[in-house]
Amino acid sequence: RNAESVEEAMASGSGAAPSAFYTMAVGQIDACKIHSSDSLYCKYSFNFGKDWSFVHGIQNGMSQIAIKSTSDDTQSFTWNYPIDITFRSTNVHGWPQLVISCYGINMLGKDVIRGYGAVHLPTTPGRHTRYIRLYRPRSSSMCQRLRAWITATPPEFLDSKFFAYSDGREVTRVQSNGVVKVTFNITTKNMTEFGYQVSSEVNHADDVVLQDEKQSKVTQKFQLTKF
């Protein structure tokens, strides 16, 4: 029923002014390159502003456990886990973000955090590839670091979406720990009616320009890397 309502809303051709614009994202979490882990799985969710509402799809998911590839030199973890979601809004503020948390299994059989990452959904229609840097929190003192090593329980955020927020991030200590490759296929509806100009003719080179400086550096660094 929800899928039918989405199709009707996005395909509506009535003369009345639209009440909202729509953004639909279909794609997959392709693979991950990360250190200090032989098995890995990821959880994903979406973070979006108050002016946005969820219409259809799956907001949270968890992938299968992947084993590090040994058939080539990449030593990556391959998931190819699908994502499918549709949002509606009247304001671009709070544009949706994909939030990823990667977990590994340590020698004691515990699930431990390996890295957090987040990226905004592309703003233009078409096929896009994103490379998400992963970070994990560090203990604030040597005593806590020793305790985490003894108990094999590294620090992690209580809220997995904390990484997508701006408040409080300046007081956290993190370290880089890998990158995740994600592929998006974006479709939008009624953006022009709300004063936002988008182009359907998007290629990877033009799409990089829309990203901030940090994302551009990550993309340029890992585009030549095979997953």
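## Close-up views of a predicted chain

The chain has four helices and 10 strands. This is a predicted model, and the legends below walk you through a handful of spots worth zooming in on.

**Figure 1. The whole chain, for orientation.** Starting at the N terminus, the elements follow the order α-β-β-β-β-β-β-β-β-β-α-β-α-α. Of the 227 residues in the chain, 42% are buried. If you take the contacts with a separation of 6 or more, 76% of them are between residues 24 or more positions apart. The accessible surface adds up to about 12,900 Å², and carbon and sulfur atoms hold 50% of that.

**Figure 2. An aromatic cluster built from ring pairs.** The model contains 10 aromatic pairs. One of them joins F46 and F87, whose ring centres are 5.8 Å apart; their planes meet at 65°, so this pair is edge-to-face, the class for angles over 60 degrees. The two partners come from distant parts of the chain, with F46 in strand β2 and F87 in strand β6, 41 residues apart. Both F46 and F87 are buried. Widen the view and you can trace a cluster linked by ring pairs, made of F21, Y44, F46, F48, W52, Y81, F87, W95, F194 and Y196.

**Figure 3. A lysine over a tyrosine ring.** Here K43 sits over the face of Y103, at 5.1 Å from the ring centre. Keep Y103 in mind for the next view, where Y103 turns up again among the contacts of S39.

**Figure 4. S39 and its surroundings.** S39 belongs to strand β2, which covers residues 39-47. Is S39 buried or exposed? Its relative accessibility is 14%, so S39 counts as buried, the cut-off being under 20%. Setting aside neighbours within four places in sequence, S39 is in contact with I65, A66, I67, F77, Y103, G104 and I105.

**Figure 5. A nonpolar patch on the surface.** Three isoleucines, I65, I67 and I105, make a nonpolar surface patch of about 280 Å². I65, I67 and I105 are also among the contacts of S39 in the previous view. Within the patch, I67 comes from strand β5, residues 66-67. With a relative accessibility of 59%, I67 counts as exposed.

**Figure 6. Two asparagines with positive phi.** Most residues other than glycine have a negative phi. Two asparagines are shown here for their positive values: phi is near 50° for N80 and near 70° for N190. N80 is placed in strand β6, residues 77-89, whereas N190 is in the loop between β10 (174-189) and α3 (204-209). Their surroundings can be read from accessibility: N80 is partly exposed at 42% relative accessible area, while N190 counts as buried at 14%.

**Figure 7. I132 and the residues packed around it.** I132 is part of strand β9, residues 126-137. How much relative accessible area does I132 have? The value is 2%, so I132 is buried. Leaving out residues up to four places away in sequence, I132 touches I100, G117, A118, V119, G178, V179, V180 and V182. For a distance to put on the view, try I132 and K181: their C-alpha atoms are 6.4 Å apart in space, although the two residues are 49 apart in sequence.

**Figure 8. V174 in strand β10.** V174 is located in strand β10 and is partly exposed, at 36% relative accessible area. What is V174 in contact with, once neighbours within four places in sequence are set aside? The list is Y135, R136, P137, R138 and F157. From V174 to R136, the C-alpha distance is 5.3 Å, across 38 residues of sequence.

**Figure 9. Q175, also in strand β10.** Q175 lies in strand β10 and is partly exposed, with 28% relative accessible area. Beyond neighbours within four places in sequence, Q175 is in contact with L134, Y135, R136 and R138. Y135, R136 and R138 appear among the contacts of V174 as well. One further distance helps place Q175 in the fold: its C-alpha atom is separated by 8.9 Å from that of G115, 60 residues apart along the chain.

Key:
Residues numbered from 1 in each chain as written. Predicted model: local features only at pLDDT ≥ 70, side-chain atom pairs only at ≥ 80, totals over all residues. Heavy atoms only, no water. Helix = DSSP H or I, 4+ residues; strand = E, 2+ residues; numbered from the N terminus. Buried < 20%, exposed > 50% of the residue type's maximum accessible area, 1.4 Å probe, protein only. Contact = heavy atoms within 4.5 Å. Areas by Shrake-Rupley, 256 points an atom, 1.4 Å probe, with all protein chains shown as cover. Patch = residues over 30% accessible without salt bridge, like charges linked within 9 Å, V, L, I, M, F, W, Y side chains within 5 Å. Salt bridge = Lys/Arg side-chain N within 4 Å of Asp/Glu carboxyl O. Phe/Tyr/Trp six-rings, centres within 6.5 Å; stacked < 30°, edge-to-face > 60°. Lys NZ or Arg CZ within 6 Å of the ring centre and 35° of its normal.
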